[in-house]
Amino acid sequence: MFDISFAEMLVISMVALIVIGPERLPRVARTIGHLLGRARRYVDNVKNDIRHEIELDELRRLKNSVQETTHSIEEAVRKEFDQIETAASINAAEKIKDPALIEIEQISAPTEKTIAVQSQTLSSQQTSESNKST
């Protein structure tokens, strides 16, 4: 704690022995030991409190960062959802205005059967073209 050499400690002890006397020296040494112990505990408590406050500050910053990120993600998702919802409502409104669009979509929607027939027709056309070229 202090930068005191052995020789300096010896000189301090001799002066204390002469000034305080041999009868009161143990009591004084014990009292000084208790006071130094209290001072060390106080310093350790202050260090721990400062460390704790620094950790809390870091956690608050991390929490704010996560909240900002979450908020920006929520806003992006809401914006995309609103765009999709708007497009769907416009599409639905167009269908309501023109019933013929509904019929055209139903007619033009390919079924598995029409796809199979179209693929057979395409393959037969390719076969006939290859036969003509040979």
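User: Is Ile50 to be read as buried, partly exposed or exposed?

Analyst: Relative accessible area decides the class: under 20% is buried, over 50% is exposed, and values in between are partly exposed. In this predicted model, Ile50 has a relative accessible area of 48%, and is therefore partly exposed. Ile50 is located in helix H2, which covers residues 25-97.

User: Which residues form a nonpolar patch on the surface together with Ile50?

Analyst: A nonpolar patch joins side chains such as Val, Ile and Tyr that lie within 5 Å and have over 30% relative accessible area. Here the patch consists of Tyr42, Val43, Val46, Ile50 and Ile54, and about 470 Å² of accessible area belongs to these residues together.

User: How many salt bridges does the structure hold, and which residues form them?

Analyst: The criterion is a side-chain nitrogen of Lys or Arg within 4 Å of a carboxyl oxygen of Asp or Glu. The structure holds 2 salt bridges. One pairs Arg61 with Asp57, whose closest N and O atoms are 2.5 Å apart. In the other, the side chains of Arg78 and Glu75 meet at 3.3 Å, N to O.

User: Where do the partners lie along the helix?

Analyst: Sequence spacing can be read in turns of the helix. Arg61 and Asp57 are both in helix H2, 4 residues apart, which is about one turn. Arg78 and Glu75 also both belong to helix H2, with a separation of 3 residues, again about one turn.

User: Which accessibility classes do these charged residues fall into?

Analyst: The cut-off for exposed is over 50%. Arg61 counts as exposed because its relative accessibility is 54%, whereas Asp57, at 31%, counts as partly exposed. In the second pair, Arg78 is partly exposed at 45%, and Glu75 is partly exposed at 37%.

User: What span does helix H1 reach, and what follows it?

Analyst: One compares the distance between the end C-alpha atoms with the expected rise per residue. Helix H1, residues 6-20, has 15 residues and reaches 21 Å from its first C-alpha to its last, close to the 21 Å expected at 1.5 Å a residue. Just after H1, Gly21 adopts a positive phi of about 100 degrees.

User: What is the overall content of the protein in helices, strands and buried residues?

Analyst: The protein has 4 helices and 0 strands, so its elements run α-α-α-α from the N terminus on. Of its 134 residues, 1% count as buried. The protein exposes about 12,300 Å², of which carbon and sulfur atoms supply 61%.

Methods:
Residues are numbered from 1 along each chain as its sequence is written. This is a predicted model: local features need pLDDT of at least 70, side-chain atom pairs count only at pLDDT 80 or more; totals for chains, interfaces and linings use all residues. Side-chain values use heavy atoms; hydrogens and water are left out. Patches are made of residues with over 30% relative accessible area and no salt bridge: like charges are joined within 9 Å, nonpolar side chains (Val, Leu, Ile, Met, Phe, Trp, Tyr) within 5 Å. Accessible areas come from the Shrake-Rupley method with a 1.4 Å probe; for residues, only the protein chains shown count as cover. Helices (H or I, at least four residues) and strands (E, at least two) are DSSP runs, numbered from the N terminus. Buried means under 20% relative accessible area, exposed over 50%, partly exposed in between (1.4 Å probe, protein chains only). The expected span of a helix is 1.5 Å times one less than its number of residues.
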